[in-house]
Structures are given as C-alpha cells and as structure tokens.
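Open the model in your viewer and keep the sequence panel visible. The stops below say what to select next and what is there.

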Amino acid sequence: MSIEFAVNEGVEIYLDISLKRFDTVFPACGSSNSAIELSPEELEEYSGFIQWVDVCNLNKQCPNHT
C-alpha cells in the first residue's frame with residue numbers, strides 16, 4: 001500500500017504517544033469520505049515521522065519547538 005500525506009517539504013512530523021493506546025487511528029483527511037484507518041505502526045511507516053513525543057512535555061523532547 002502506498003499512502004502520501006499532503007505535507008509541505010521541510011515540515012517535521014511528530015506523533016503523540018497517546019495514539020499508541022488505540023488499535024487504529026484516523027489521521028485528519030479533510031472529509032469523512034476520504035478518511036483512512038491506520039494502526040499506529042502503519043502511521044509511523046507512512047507519515048515519515050521523526051519521533052514519538054508526549055505533547056504535554058514538548059519543550060523537553062523537541063528542542064526546536066517554540
């Protein structure tokens with residue numbers, strides 16, 4: 001399967017660790033008829049993410065976060 005997300009070049013992608021508690025997630029897709037269902041592992045694979053983070057502690061984990 002090939003999935004592409006509409007993300008501008010140079011944008012860093014981080015995934016929130018709270019997503020790991022779900023068997024599947026529905027990434028924002030613009031409309032209900034274009035939604036896809038992915039496991040957190042598939043989201044990792046297809047998103048090109050940098051790392052899992054706890055968004056409640058971003059300043060500790062993402063040095064470039066402002």
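What percentage of the 66 residues of the protein count as buried? The figure is 23%, where buried means under 20% relative accessible area, exposed means over 50%, and partly exposed is in between (1.4 Å probe, protein chains only). This is a predicted model, in which local features need pLDDT of at least 70, side-chain atom pairs count only at pLDDT 80 or more, and totals for chains, interfaces and linings use all residues. Residues are numbered from 1 along each chain as its sequence is written, and side-chain values use heavy atoms, with hydrogens and water left out.

**Whole chain**

Start with a cartoon view. The protein has 2 helices and 2 strands, and along the sequence they follow the pattern β-α-β-α. Helices (H or I, at least four residues) and strands (E, at least two) are DSSP runs, numbered from the N terminus.

Switch to a surface. The protein exposes about 5100 Å², of which carbon and sulfur atoms supply 49%; accessible areas come from the Shrake-Rupley method with a 1.4 Å probe, and for residues only the protein chains shown count as cover. Among contacts (heavy atoms within 4.5 Å) between residues at least 6 apart in sequence, 53% join residues at least 24 apart.

**Helix α1**

Select residues 40-47, which make up helix α1. Its buried residues are Pro40, Leu43, Tyr46 and Ser47. Viewed down the axis of α1, these buried residues fall within an arc of 130°, so they line one face of the helix; the arc is that of the directions from the helix axis to the C-beta atoms. An α-helix has 3.6 residues a turn, so residues three or four places apart point the same way.

Now add β1 (14-16) and β2 (51-53): the buried residues of α1 pack against both strands. Turn the model over to see Glu41 and Glu45, exposed residues on the face of α1 turned away from its buried side. Then step past the end of the helix to Gly48, which follows α1 and has a positive phi, near 70°.

**Ser47**

Stay with α1 and select Ser47, which is found in this helix. Why does Ser47 count as buried? Its relative accessibility is 11%. Show polar contacts, meaning pairs of N or O atoms within 3.5 Å; within protein, one atom must be able to donate a hydrogen and the other to accept it, and residues adjacent in sequence count only if both atoms are side-chain atoms. The side chain of Ser47 reaches the backbone oxygen of Leu43 at 2.8 Å. A polar atom of the Ser47 side chain also lies 3.3 Å from the backbone nitrogen of Phe49. Leaving out residues up to four places away in sequence, Ser47 touches Phe5, Ile13 and Leu15.

**The segment before β1**

Follow the contact to Ile13, in the segment before β1. Not counting residues up to four places away in sequence, Ile13 touches Val7, Ser47, Phe49, Ile50 and Gln51. Measure from Ile13 to Gly48: the C-alpha atoms are separated by 7.0 Å, with the two positions 35 residues apart along the chain count.

Select Ala6, which is also in the segment before β1. Ala6 is exposed, with a relative accessible area of 86%. The C-alpha atoms of Ala6 and Ser47 are separated by 10.0 Å, and the two residues are 41 apart along the chain.

**Asp16**

Go to Asp16 in strand β1. Which side chain of opposite charge is nearest to Asp16? It is Arg21, 7.3 Å away, and Asp16 is buried yet has no salt bridge. A salt bridge is a side-chain nitrogen of Lys or Arg within 4 Å of a carboxyl oxygen of Asp or Glu. The Asp16 side chain reaches the backbone nitrogen of Val55 at 3.0 Å. Val55 is also one of the residues that Asp16 touches beyond four places in sequence, along with Trp52, Val53 and Asp54.

**The loop between β1 and α1**

Select Thr24, in the loop between β1 and α1. Thr24 is partly exposed, with a relative accessible area of 33%. Its side chain and that of Glu37 are joined by a polar contact of 2.9 Å. Leaving aside neighbours within four places in sequence, Thr24 is in contact with Glu37, Leu38 and Ser39. The C-alpha atoms of Thr24 and Ser39, 15 residues apart along the chain, are separated by 4.2 Å.

End at Ile36, placed in the loop between β1 and α1.

Conventions. Lys, Arg positive; Asp, Glu negative; His and termini not counted.
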